[in-house]
Each structure stands twice: as structure tokens, then as C-alpha cells.
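Reader: I should like to learn how to read a model of this kind, one feature at a time. Could we begin with its surface?

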Amino acid sequence: MTDLSTWPTDFDPQPAGPSGGSLADLLERVLDKGIVIAGDIKIDLLDIELLTIRLRLFIASVETAKKAGIDWWETDPALSSRAARDALAEENARLRARLEALEESDADTTEVTR
């Protein structure tokens, strides 16, 4: 059994580590600067590569991501209503041009047969 009277009186049971920061401060710093997590998963069987998965994760605020040139969520129709409208408008313009071309070629063949 341990004699507690021999323990130092200034013993601090708190683990040593960086001080002066909370979780909110850490999160703010990560979102402000950004963080990249990269990893590869590789499955081999008898020295034959069966599967390789490469994972890249970039955690940052929207402003930091835009500074890094990442803005794919603005152009993905599944994530942005503006991108979906733009995609539909582009498809509509292509279809109207095709319809016009077909009507013109139909009109040309009608005039030739008269």
C-alpha cells in the first residue's frame, strides 16, 4: 500500500499539454487556415493489387476554400440551385438550337419538293 504522506504537496493530476486554448479556438484556427488529411487504402492478395482507395480531405471555411481555388459546390447542380438553373438553361438553349436547325432543314426539303 502506498503512503500518501510521502507524495509531494504540489502534485498536479492534470496531464501536461498545450494550455490556453479551448475547442472553439482550435476549431476557429482550423477553419481559418484549413487542414488537409490524406491517406491511401491498398488491398493486395498474393502481391496482386486488388483495390486502391485514395482519400483526400480538406477541412476549411468557405472563405478559406475559395482562397485555395476550391468552389465545386457552386457549380454542382446537385448542391446549388443556381447551378441547376444554369444547367437547365444551357440544355434548353441547345435543344432550341437543334429544333431550329431541324425546322430549317425541313423547310429546305419542303421547298425543293415543290
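Author: The accessible surface can be divided by atom type. In this predicted model, the protein exposes about 10,600 Å², and carbon and sulfur atoms supply 58% of that area.

Reader: What percentage of the 114 residues is buried?

Author: Burial is judged by relative accessible area, with under 20% as the cut-off. Buried residues account for 4% of the 114 residues here.

Reader: How should the predictor's confidence be weighed?

Author: Where pLDDT is low, the predicted coordinates should not be read in detail. The protein has an average pLDDT of 77, and 77% of the residues score at least 70. Among the elements, strand β2 (residues 48-59) has the highest mean, 86, whereas helix α3 (residues 72-75) has the lowest, 76.

Reader: In which pattern do the elements follow one another along the sequence?

Author: The order is α-β-β-α-α-α, comprising four helices and two strands.

Reader: How are strands β1 and β2 joined, and do they run parallel or antiparallel?

Author: Pairing is read from the bridges between strands. Strand β1 (residues 35-45) and β2 run antiparallel, joined by 11 bridges. As one example, Lys42 has Thr52 in β2 as its bridge partner. The two strands form a hairpin with two residues between them; in the turn, Leu46 has a positive phi of about 55 degrees.

Reader: What share of the contacts joins residues at least 24 apart?

Author: Sequence separation sets the range of a contact. Among contacts between residues at least 6 apart in sequence, 22% join residues at least 24 apart.

Notes. Residues numbered from 1 in each chain as written. Predicted model: local features only at pLDDT ≥ 70, side-chain atom pairs only at ≥ 80, totals over all residues. Heavy atoms only, no water. pLDDT = per-residue confidence, 0-100. Pairing = 2+ DSSP bridges. Buried < 20%, exposed > 50% of the residue type's maximum accessible area, 1.4 Å probe, protein only. Contact = heavy atoms within 4.5 Å. Areas by Shrake-Rupley, 256 points an atom, 1.4 Å probe, with all protein chains shown as cover.
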